[in-house]
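Please open the structure in your viewer and keep the selection tool at hand, as this tour moves from one selection to the next and says what is to be found at each stop.

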Amino acid sequence: MSKVKGLNIIIVGCGKVGATLVEQLIKEGHDITIIDKNPAKVQMLADTYDIMGIVGNGASYSVQMEAGVEKTDLLIAVTESDELNLLCCTVAKQVANCAAIARVRTPDYSREVGYLQEKLGLAMIINPELEAAKEAARILYLPAALEVNSFAHGQAELVKFKIPGGNILDGMTIAELGREIENEILICAIERSGEVFIPDGEYRLYRGDVISVVATRLVAKRFLEKIGFETTQVKNTMIIGGGKAAFYLARQLLQMGVAVKIIEIDRARCEVLSVLLPKAVIINGDGTNEELLKEEGIAYAESFVALTGIDEENILLTLHARQVSNAKVITKINRITFKEVVNGLDLGSVLYPRYITSEAIVAYVRAKQESMNSNVETLYHMYDFRVEAVEFKVNEPSAVTDIPLKDLQLKKDLLVAFISRDGARLIPSGKDCIRVGDTVMVVTTHTGFNDLLDILA
């Protein structure tokens, strides 16, 4: 692993996302200082991770000075208030020459992200609900998938699905799959009986395996069709909960031509949604009421998305939808406790908005570290953080460029999954080379890569 010096980072806001960021960035070897008005939250995180904690208003000049903002490389503001987050970043930019990232969730601001980012000089504005909605929309476009992540500015997708009993893939090796079914995809990770493998061509697939493949959207769709999956996008969806994520998802689905029905308990919120989403059906009622769900046609829904603010409700709603319909189900989960219990339930596709946020920020932080040869573009954790998919931009010649992949001494448990070059995407063979200007995606069970040279043994 290339040794790169850790950054000094201030995190303002010790809620769920703040805590997840602390956990992730400590693992990556950075010096963290936290700021929050809640003394109990500050104390708990400071004690758990042995970091510096300051109680106070993160937008206050004196509080930021006390936190050492002048020597800070990056300030991340993830409080509950968009305005406070933007103000924290503005103060930090005025006082210190540091990068700043703000969490901004309000739809009013989401349309102005580019303008705000440029005018305030922010490194990034992140919107967890919008990102979760984008992921949900990608899944509903390809409902056979459990997860769909986007790479290379949408040119390639990482699609995760489970092999059902009696499927053509059951008992087939990966090399046979490439010869007989589809050679424009790459199987890059497999989970079996709780273990995760980075496979080679001799690896044999079996029913129950959870597989991640890399391909373009069209090739992924074609491949799933060839192996017997239904691949047409859903025609309608029922969303329970009318919060920000529901609004963003409904807006995207309506643009895709999907009929949307939202059930929301708060009458005032229903009125707001009716104005914002005139083409959607908005029902004012309790989404956890079985009779109401029946009346509104849950049995005939092609997809069902549980987006209430309460994890337990979302889980129960999904399990109920599984029983009474054939809908493609998506469950939003905010907390990460009881992960094994959640994984043991048949919840279909699970969205963790706080992970989506932390991964985008960790990718930015890795890119900001002083690696000369390449930059981290995007990062996804797969299979409960046991596998990383990292996308690198190749900036200059190095020990990995212009040499056939078969001649490089690569680490074990690692795959070069695709190379994006001049707008074209290549599933590489051993004869292909990485060139300056390429974007390269690596899938590995190793963690913490921040330079493409880290792939070498």
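Begin by selecting Lys-406 and Asp-407, whose side chains form a salt bridge, with the closest N and O atoms 3.8 Å apart. Please keep in mind throughout that this is a predicted model. With a relative accessible area of 56%, Lys-406 is exposed, whereas its partner Asp-407, at 47%, is partly exposed.

Stay in this part of the chain and select Asp-402, which sits in the loop between strand 19 (387–394) and strand 20 (414–421). The backbone of Asp-402 has a positive phi of about 60 degrees, although the residue is not a glycine, and its relative accessible area of 52% places Asp-402 among the exposed residues. Then add Asp-413, which lies in the loop between strand 19 and strand 20. Asp-413 also is not a glycine and has a positive phi, of about 55 degrees, while its relative accessible area of 42% makes Asp-413 partly exposed.

Next, select Ala-399 together with Leu-453, two residues that are 54 apart in sequence but 7.1 Å apart in space when the distance is taken from C-alpha to C-alpha. Leu-453 belongs to the segment that follows strand 22 (439–444), and with 28% relative accessibility Leu-453 is partly exposed.

**Salt bridges elsewhere in the chain**

Side chains of opposite charge can pair when their charged atoms come close. To look at another such pair, select Glu-80 and Arg-103, whose side chains meet in a salt bridge at 3.4 Å, N to O. Glu-80 lies in the loop between strand 4 (74–77) and helix 4 (82–95), and Arg-103 lies in strand 5 (residues 99–103), so this pair ties together parts that are 23 residues apart in sequence. Which of these residues is buried, and which is exposed? Glu-80 counts as exposed at 60% relative accessibility, whereas Arg-103 is buried, with a relative accessible area of 5%. Now extend the selection to Arg-105 and Glu-129, since Glu-80, Arg-103, Arg-105 and Glu-129 are linked in a network of salt bridges.

From there, go on to Lys-160 and Glu-147, where the side chains meet in a salt bridge with an N to O distance of 3.3 Å. Lys-160 is found in strand 8 (residues 156–162) and Glu-147 in strand 7 (residues 147–151), so the pair ties together parts that are 13 residues apart in sequence. At 13% relative accessibility, Lys-160 counts as buried.

**Two stops for contacts**

Select Asn-167, whose place is in the loop between strand 8 and helix 8 (174–180). This residue counts as buried, at 11% relative accessibility. Which residues does Asn-167 contact, once its neighbours within four places in sequence are left aside? They are Ile-227 and Phe-229, and it may help to display their side chains together with that of Asn-167.

Then turn to Arg-322, which is part of helix 13 (residues 311–324) and is partly exposed, with a relative accessible area of 32%. When residues up to four places away in sequence are not counted, Arg-322 touches Ala-327, Val-329, Asp-346, Leu-347 and Gly-348. For a view across the model, add Glu-66 to the selection: Arg-322 and Glu-66 are 256 residues apart along the chain, and their C-alpha atoms are separated by 52 Å.

**The whole protein**

Finally, clear the selection and show the entire chain, in which the secondary structure comes to 15 helices and 22 strands. The radius of gyration is 23 Å, close to the 23 Å that the globule rule gives for 457 residues, so the protein is as compact as a globular protein of that length. The C-alpha trace spans about 65 × 65 × 40 Å along its principal axes.

If you colour the residues by burial, bear in mind that 55% of the 457 residues count as buried. If you draw the surface instead, the accessible area comes to about 20000 Å², of which 50% belongs to carbon and sulfur atoms. Among contacts between residues at least 6 apart in sequence, 61% join residues at least 24 apart.

As a last selection, show the charged side chains: there are 49 positive and 61 negative ones, and the centres of the two sets lie 2 Å apart. The salt bridges come to a count of 18.

How values were computed
Residues are numbered from 1 along each chain as its sequence is written. This is a predicted model: local features need pLDDT of at least 70, side-chain atom pairs count only at pLDDT 80 or more; totals for chains, interfaces and linings use all residues. Side-chain values use heavy atoms; hydrogens and water are left out. Helices (H or I, at least four residues) and strands (E, at least two) are DSSP runs, numbered from the N terminus. The radius of gyration is taken over C-alpha atoms; the globule rule is 2.2 Å times the number of residues to the power 0.38. Buried means under 20% relative accessible area, exposed over 50%, partly exposed in between (1.4 Å probe, protein chains only). Contact means heavy atoms within 4.5 Å. Accessible areas come from the Shrake-Rupley method with a 1.4 Å probe; for residues, only the protein chains shown count as cover. Lys and Arg count as positive and Asp and Glu as negative; His and the chain ends are not counted. The place of a charge is taken as NZ of Lys, CZ of Arg, CG of Asp or CD of Glu. A salt bridge is a side-chain nitrogen of Lys or Arg within 4 Å of a carboxyl oxygen of Asp or Glu.
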